[in-house]
Every structure is written in structure tokens, then in C-alpha cells.
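Trainee: Could you walk me through this one? I'm new to it and would like to take things slowly.

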Amino acid sequence: MDPLPDATVNLLDILKLKPSFNSQDGDTRFNKRLDLDISGTVNTLDILKFKPYFLESCSPD
Ligand SMILES: [Ca+2]
């Protein structure tokens, strides 16, 4: 759930999603890892999937 492997889900992960936003499977900018709901499209629904994890730390500091 952390596309940027920095152990935290934060704004950087959302920004990482930005270039692939509104892309579909088959598009050059489509990133399968960012298609969190496996719908074949990177869109708002994938960002909503992020939300419960936002600012959650994956490992203790
Ligand atoms: Ca999706």
C-alpha cells in the first residue's frame, strides 16, 4: 500500500500517482501498482483506496 517505499503513506505517494492519473491498462503511463482496486484504470477510486492509510506509518520510527 506504499508505492514509494519510504515506509509511510503520504503526499509523496499521492504525487507518485499523479502522472498515471486517468490512465488505462495499455497506456504507456499506466502503472499497474497504482491501480489499487484492480479496475484497469488509475482514477479517483484508487486515491480513495489510499485514504485509510494516509499518514499511517508502516514501521515504527
Ligand atoms: Ca483503479
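Trainee: Okay, in what order do the elements of the protein run from the N terminus on?
Mentor: Keeping in mind that this is a predicted model, the elements run α-β-β-α when you start from the N terminus, and in total the protein has 2 helices and 2 strands.

Trainee: What is the mean pLDDT of the protein?
Mentor: The mean pLDDT is 84, with 87% of the residues reaching 70 or more.

Trainee: And which elements have the lowest and highest mean pLDDT?
Mentor: Helix 1, covering residues 11-17, has the lowest mean pLDDT of the elements at 82, whereas strand 1 has the highest at 97.

Trainee: Switching topic, what share of the residues is buried?
Mentor: Buried residues account for 11% of the 61 residues in the protein.

Trainee: Let's pick a residue, then. Where is leucine 36 found?
Mentor: Leucine 36 sits in the loop between strand 1, residues 23-24, and strand 2, residues 41-42.

Trainee: Why does it count as partly exposed?
Mentor: Leucine 36 has 17 C-beta neighbours inside 10 Å, so it counts as partly exposed, because a buried residue would need 20 or more and an exposed one would have 12 or fewer.

Trainee: Which residues is leucine 36 in contact with, leaving aside its neighbours within four places in sequence?
Mentor: With those neighbours set aside, leucine 36 is in contact with Asp46 and Lys49. You can also look at phenylalanine 50, which is 14 residues away from leucine 36 in sequence, while the C-alpha to C-alpha distance between the two is 8.2 Å.

Trainee: What about that same loop, where else should I look? Say, what is phi of isoleucine 38 near?
Mentor: Isoleucine 38 also has its place in the loop between strand 1 and strand 2, and its phi is near 50 degrees, a positive value in a residue that is not glycine. As background, most residues other than glycine have a negative phi.

Trainee: Is isoleucine 38 buried or exposed?
Mentor: Isoleucine 38 counts as exposed, because it has 9 C-beta neighbours inside 10 Å.

Trainee: One more: what is the phi of asparagine 22?
Mentor: Asparagine 22 has a positive phi of about 65 degrees, although it is not a glycine. Asparagine 22 lies in the loop between helix 1 and strand 1, and with 12 other C-beta atoms within 10 Å it is exposed.

Trainee: Last one, how many of the contacts between residues at least 6 apart in sequence join residues at least 24 apart?
Mentor: For the protein, that share is 34% of those contacts.

How values were computed: Residues numbered from 1 in each chain as written. Predicted model: local features only at pLDDT ≥ 70, side-chain atom pairs only at ≥ 80, totals over all residues. Helix = DSSP H or I, 4+ residues; strand = E, 2+ residues; numbered from the N terminus. Contact = placed C-beta atoms within 7 Å. pLDDT = per-residue confidence, 0-100.
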